[in-house]
Amino acid sequence: MGYHSNKALNVVAADINLKLYQGELIGLVGANGIGKSTLLRTLSRVQPALHGSILLSGKELTAYKPVALASQLSIVLTEAIASKNLTVQELVALGRQPYTNWVGKLTDEDIEKVRKALEVTHTQDLTTKRCFELSDGQLQKVLIARAIAQDTPFIMLDEPTTHLDVYHKAYILKLLKRLAFETKKTILFSTHEIDFAIQLCDKMIVMNTNGFEFGRPKELIQARAFSGLFPEDLVIFDEKSGRYKVRS
């Protein structure tokens with residue numbers, strides 16, 4: 001995977017081979033600039049893969065038409081939303097676009113999906129607020145609610161806890177864990193919250209300069225996958241506690 005820049009080919013990572021299963025919460029971690037966002041964009045067809053195949057529900061990703069893909073995969077990226085003047089209700093209802101008719105009219109089923117998405121993310125009390133009135137944490141929960149309303153078997157999020165305090169980072173990640181378990185959706189997210197991810201994720205993808213490693217957190221700790229992520233002059237990974245510590 002990678003991208004073209006000034007007619008040059010920039011390969012970010014190669015030889016990536018993994019399978020993600022229903023009901024799993026998968027964390028994607030690595031140092032800044034290692035290619036986490038590029039991987040998510042490639043897996044979601046926001047940008048094309050340089051080589052290889054990506055299968056979604058057993059079907060080649062490139063074979064999906066846009067509307068069909070939107071019924072299989074929902075994405076929460078780091079870009080700002082198009083209009084913060086939308087109400088929370090309106091923003092979450094946009095998740096139903098793959099299923100509405102050409103005028104965008106919501107059916108009773110669509111309305112119920114939106115209601116449930118607001119309820120499961122505990123954002124139902126915000127429905128009349130406009131997005132510019134929300135805190136970062138509230139807006140992040142609303143964006144997740146929109147993805148849930150889209151009702152896809154696969155949800156992908158790029159840095160869902162950016163700019164949040166410790167409490168709201170934990171809240172968002174525990175919410176994703178609960179959603180994966182209760183709704184049996186596959187949820188893949190990139191994060192810098194490695195300690196939290198180790199505690200909550202079913203599996204993790206660890207990207208480093210030598211490639212990537214994939215597996216359950218305990219397996220990755222035993223394989224010392226986290227030890228080489230960062231220079232050890234300042235931080236070291238303590239395998240007993242499963243946490244990073246500042247070097248004294």
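This tour moves through a predicted model, from its sheet to its charged pairs and its aromatic rings.

**The sheet**

Begin by selecting the six strands that form an open sheet, in the order β6-β7-β8-β3-β9-β10. The pairing in this sheet is mixed. At its edges are β6, residues 73–76, and β10, residues 211–215, each of which pairs on one side only. Averaged over the sheet, and with direction ignored, neighbouring strands are turned by 15° against each other.

Next, restrict the view to β6 and to β7, residues 154–158. These two strands run parallel and are joined by four bridges. To place one residue of β6 in this pairing, select S74, whose bridge partner in β7 is I155.

**Helices on the sheet**

Keep β6 and β7 displayed and add helix α5, residues 136–149. This helix packs on the sheet and touches both β6 and β7. The direction of α5 makes about 170° with that of β6.

Now add helix α6, which spans residues 166–183. Which strands does helix α6 lie across? They are β3 (25–30), β7 and β8 (186–190). Relative to β8, helix α6 runs at about 155°.

**Charged pairs**

The model contains 11 salt bridges. Select K203 and E24 to inspect one of them, in which the side chains meet at 2.9 Å, N to O. This pair links distant parts of the chain, 179 residues apart: K203 belongs to strand β9 (residues 203–208), while E24 is in the loop between β2 (8–11) and β3. Are the two partners buried or exposed? K203 has a relative accessible area of 12% and is buried; E24, at 9%, is buried as well.

Move on to D110 and R96. A salt bridge joins D110 to R96, with the closest N and O atoms 2.9 Å apart. Here too, distant parts of the chain are linked: D110 lies in helix α4 (residues 108–120) and R96 in the loop between α3 (88–93) and α4, 14 residues apart. D110 is buried, at a relative accessible area of 2%, and R96 is likewise buried at 2%.

Return to helix α6 and select E182 and R178. Their side chains meet in a salt bridge at 3.8 Å, N to O. Both residues lie in helix α6, four residues apart, which is about one turn of the helix. Are these partners buried or partly exposed? E182 counts as partly exposed, with 49% relative accessibility, and R178 is also partly exposed, with 28%.

To see a network instead of an isolated pair, select E112, R115 and E119. Salt bridges with shared partners join these three residues into one network.

**Aromatic rings**

Three aromatic pairs are found in the model. Select F230 and Y244, whose ring centres are 5.5 Å apart and whose planes meet at 70°, so the pair is edge-to-face. The two residues are 14 apart and link distant parts of the chain: F230 sits in the loop between α8 (217–222) and β11 (235–238), and Y244 in strand β12 (residues 243–246). F230 is partly exposed, at 26% relative accessibility.

With Y244 still selected, add F237. How are the rings of F237 and Y244 arranged? Their centres lie 5.0 Å apart and their planes are at 65°, so this pair is edge-to-face. F237 is buried, at 10% relative accessibility. Adding F226 completes the view: ring pairs link F226, F230, F237 and Y244 into a cluster.

One residue is worth adding to this view. S227 lies in the loop between α8 and β11 and is buried, with a relative accessible area of 8%. Leaving aside residues up to four places away in sequence, S227 touches E232, F237 and E239.

**Charges over rings**

For the last stop, select K59 together with Y64. The charged end of K59 sits over the Y64 ring, 4.5 Å from its centre. Then select K184 and F181: K184 lies over the face of F181, at 4.8 Å from the ring centre.

Key. Residues numbered from 1 in each chain as written. Predicted model: local features only at pLDDT ≥ 70, side-chain atom pairs only at ≥ 80, totals over all residues. Heavy atoms only, no water. Pairing = 2+ DSSP bridges. Axes fitted to C-alpha atoms, helices over the stretch in contact; angles between N-to-C directions. Contact = heavy atoms within 4.5 Å. Salt bridge = Lys/Arg side-chain N within 4 Å of Asp/Glu carboxyl O. Buried < 20%, exposed > 50% of the residue type's maximum accessible area, 1.4 Å probe, protein only. Phe/Tyr/Trp six-rings, centres within 6.5 Å; stacked < 30°, edge-to-face > 60°. Lys NZ or Arg CZ within 6 Å of the ring centre and 35° of its normal.
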